[in-house]
Amino acid sequence: MSKLLDDLAGHYRAIIEGLGEDSHREGLRDTPMRAAKAMQFLTRGYQQDLDELVNNAVFESSMDEMVVVQDIELYSMCEHHMLPFIGKCHIAYMPQGKVLGLSKFARIVDMYARRLQIQENLTREIAEAIERVTKAKGVAVVIEAQHMCMMMRGVEKQNSRMKTSVMLGQFRTSQATRTEFLNLIGHNR
Ligand SMILES: Nc1nc2c(ncn2[C@@H]2O[C@H](COP(=O)(O)OP(=O)(O)OP(=O)(O)O)[C@@H](O)[C@H]2O)c(=O)[nH]1
Ligand SMILES: [Zn+2]
């Protein structure tokens, strides 16, 4: 067992004790280690590297029309409360001689979502990574998510959703491209 994981489990034991619970009672005995492993999983994006993850799955193609990958589910952790935010990510790009392997969009989303994040930065990091990997003429990313810190505590609003978008290149400069994308993902109602 790594020292990092042991340390993290120790911190979880302290949190449990801090809540006034007995961390040695049967139901909680293994919880610090379980929680530590779960948190490591939920933040495993810190251990990942973009180039390694893409694994050269960038293919030559004459495709020069918009490609959209819609409804990629997303689980992240808000950096203010360390509570989950959950939603969907929509990605579009305008290829320029190269297309990216389909699964890599989901992998890139997860690499940045599995960290402590705010939704705005997550959206930008995904867009910039796709731009870097594909050298596309434009990249657009929209995320819509619900934040547990707004639902389970605080203002306790169950139905609000946050939408963020980052438009790069042609999606920023061309209203028509942007509109086509928003129409394709059903956001121009
Ligand atoms: N912009 C943005 N804000 C976020 C995100 N996740 C959480 N927040 C907000 O971060 C803010 C932190 O505000 P604070 O006043 O320091 O913390 P707080 O007292 O727990 O705030 P309340 O949630 O209003 O109770 C809150 O308004 C949260 O809603 C996010 O992804 N983006
Ligand atoms: Zn929060």
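**Exercise 1. Find what share of the chain's contacts with a separation of 6 or more comes from residues 24 or more positions apart, and set this beside the overall build of the chain.**

Solution. In this predicted model, residues 24 or more positions apart account for 70% of the contacts with a separation of 6 or more. The secondary structure through which the chain runs comes to eight helices and seven strands, and the C-alpha trace spans about 60 × 40 × 20 Å along its principal axes. The domain assignment then divides the chain into domain 1 (3-42) and domain 2 (51-184), whose centres, taken over C-alpha atoms, are separated by 33 Å.

**Exercise 2. Decide whether the residues under the UniProt annotation "binding site" are scattered or gathered, and describe the setting of His81 and Cys149.**

Solution. Begin with the record: the unreviewed UniProt entry places the annotation "binding site" on Cys78, His81 and Cys149. These residues span 72 residues in sequence, yet no two of their C-alpha atoms are more than 8.0 Å apart, so they gather at one spot.

Next, locate the residues in the fold. His81 lies in the loop between β2 (67-78) and β3 (84-94), whereas Cys149 belongs to helix α6 (residues 148-151).

Then consider burial, for which a residue needs 20 or more other C-beta atoms within 10 Å to be buried, and 12 or fewer to be exposed. His81 has 16 C-beta neighbours inside 10 Å and therefore counts as partly exposed; Cys149, with 16 other C-beta atoms within 10 Å, is likewise partly exposed.

Finally, leaving aside neighbours within four places in sequence, Cys149 is in contact with Cys78, His80, His81, Leu83 and Gly154, a list that includes Cys78 and His81 from the annotation.

**Exercise 3. Characterise the shell around ligand 1 by residue, by element and by class.**

Solution. The residues around ligand 1 are Cys78, His80, Ile118, Gln119, Glu120, His147, Cys149, Met150, Gly154 and Val155. The elements giving two or more residues to this shell are α5 (119-134) and α6. Sorted by class, the shell has five nonpolar, four polar and one charged residues.

**Exercise 4. Identify which residues have the most contacts inside the largest nonpolar core, and trace the surroundings of Val141.**

Solution. The largest nonpolar core has 34 residues, and those with the most contacts inside it are Val109, Ile126, Ile130, Val139 and Val141. Two or more residues are given to this core by each of β2, β3, α4 (102-113), α5, β6 (138-147) and β7 (162-169). Not counting residues up to four places away in sequence, Val141 touches Cys89, Ile91, Thr123, Ile126, Ala127, Ser165 and Val166. For the chain as a whole, 30% of the 189 residues count as buried.

Notes:
Residues numbered from 1 in each chain as written. Chains lettered and ligands numbered in written order. Predicted model: local features only at pLDDT ≥ 70, side-chain atom pairs only at ≥ 80, totals over all residues. Domains from an automatic or database assignment. UniProt positions renumbered as here; feature names shortened; annotations may be inferred. Helix = DSSP H or I, 4+ residues; strand = E, 2+ residues; numbered from the N terminus. Contact = placed C-beta atoms within 7 Å. Near = placed C-beta within 6 Å. Nonpolar A, V, L, I, M, F, W, Y, C, P; charged D, E, K, R; others polar. Core = buried A, V, L, I, M, F, W, Y, C linked by C-beta atoms within 7 Å.
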